[in-house]
Amino acid sequence: MSVLRIGTRGSALALAQAQTVAARLGAELVVIHSEGDRSTASLASLGGAGVFAAALREALLAGEVDAVVHSFKDLPTAPMPGLTIAAVPKRVDARDALCARDGLSLAQLPAGARVGTGSPRRRAQLLSRRSDLEIVDVRGNVDTRLGRVGAEDAERHLDAVVLAAAGLERLGRSDAITEHFEIDGWPTAPAQGALGIETRVGDEAAVAKIEHRPSRLTAETERAVLALLEAGCSAPIGAHALLDDGLLFLSARVYREDGSEYLTGSHALYPDDVPDPVGELARRVTDELLSAGAADLASLAASRELDGPGGTE
Ligand SMILES: NCc1[nH]cc(CCC(=O)O)c1CC(=O)O
C-alpha cells in the first residue's frame, strides 16, 4: 500500500494530536476544512451532534483519506455505519485544569471572580465548589480562551478559565495551568484525554499498531454512561474509569446545573468475568444514578435538545 493518509481538522489542537499519530504510523496528514466548504445540508444529515466529526467522516467515506483522528470525547456515541474506531492510542491526562491570573488556585480567587467555560459540566463543578463565582460562557479555541485571562479590556477580562489538561499539554501550554483538579472530586467528560482513530470497516489493520487496549476499555466504559443515560454532550455529567490490577472501575457523577447538588454512582468488575464488561459496568452505574433520581436532577432529556453541533467543551 502507498503512504497512509490521515485526515484531521485544521485547528492547532487537532493538528498537534494528529501529528503524533501520523508520526507513529509513518503517515501523511491531510487537513480537512470543515465549516463552510462542505454543504450544511449534508453535515446536518450526518447528525446534529459532532459536526466537526461529520466533515472528517465524509472525507473518510469518500476515500479521500484512509483514517481520521478525533478527540474521542467530541464524538457522538452513536456508531457511524461503514466506519469504526479502529484504534484508541494510549490516553493522556484526563483531568481538567484551572488557568488563572497571577498563579491563583480556585480557592484563592477573589469573591465573585469571573471564570470562563462553555461547558455545563465545568460550570456546575465550579459552582459546586464556589457558588459565588461569576461563570462566563466562553467559546473558541484554547488560545482565544487563555488570552482572556487577565485581559485589560473589562468585557473580555476573566480571572481564570477551565480547560482540559490534555489539550494544554498537546499545545505546549501546560505553563498556563495554576491548578489540576483531581479526578475523584472532579470527574471529566467521558473519554477526555483519549483519541479515536476512525477507519472504514475492513481497514482497521492499517492503524492497529497504535491501539492501547486499556485506554479503549476505560474511554468506552465512560462513553457508555452517556449512551445509557441518553445524554448529550451538553449534559452536566462527569465519568472516570480505570483499570487497576485487572479490575475495571467506573465512577460517574451527574450534577444539577447550578452545582448545588450531585449524585455519584460507582461500581467495579473483572472484565474477563462477564461477556460485555463495558456495557455491564456502565449499566450498573447508570441504574444506580437513575434510581437515585439523576434524570430529574440534571434535566437529561433537555440536554439532548440543547446539543449544538460539535459539543460544548
Ligand atoms: N471540544 C474541545 C476539546 N476537545 C478535546 C479537547 C482536549 C482534551 C482531549 O483531548 O480530550 C478539548 C479542549 C478542552 O476541553 O479544553
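Burial first. Of the protein's 313 residues, 45% count as buried. Buried here means 20 or more other C-beta atoms within 10 Å of a residue's own, with C-beta atoms placed from the backbone. Keep in mind that this is a predicted model: local features need pLDDT of at least 70, side-chain atom pairs count only at pLDDT 80 or more, and totals for chains, interfaces and linings use all residues. Residues are numbered from 1 along each chain as its sequence is written.

Next, the fold. We have 10 helices and 13 strands. Those are DSSP runs, numbered from the N terminus: H or I of at least four residues for helices, E of at least two for strands. Contacts pair residues whose C-beta atoms, placed from the backbone, lie within 7 Å. Among contacts with a separation of 6 or more, 69% join residues 24 or more positions apart.

Now helix α3, residues 51-61. Here 9 of the 11 residues are buried, so the rest of the structure largely encloses α3. The buried set includes F52, R57 and L60. Just after α3, G63 takes a positive phi of about 80 degrees.

On to the ligand. Which residues come nearest? S71, L163, A164, A166 and G167, out of 11 around the ligand. Near means a C-beta atom, placed from the backbone, within 6 Å. β8 (160-164) and α6 (165-170) each supply at least two residues of that shell.

Why does the ligand shell lie between two domains? Domain 1 (5-92 + 190-306) and domain 2 (96-180) both give residues to the shell, so it lies between them. The domain bounds come from an automatic or database domain assignment.

Conventions
A residue is buried if 20 or more other C-beta atoms lie within 10 Å of its own, exposed if 12 or fewer, and partly exposed in between; C-beta atoms are placed from the backbone. Two residues are in contact if their C-beta atoms, placed from the backbone, lie within 7 Å.
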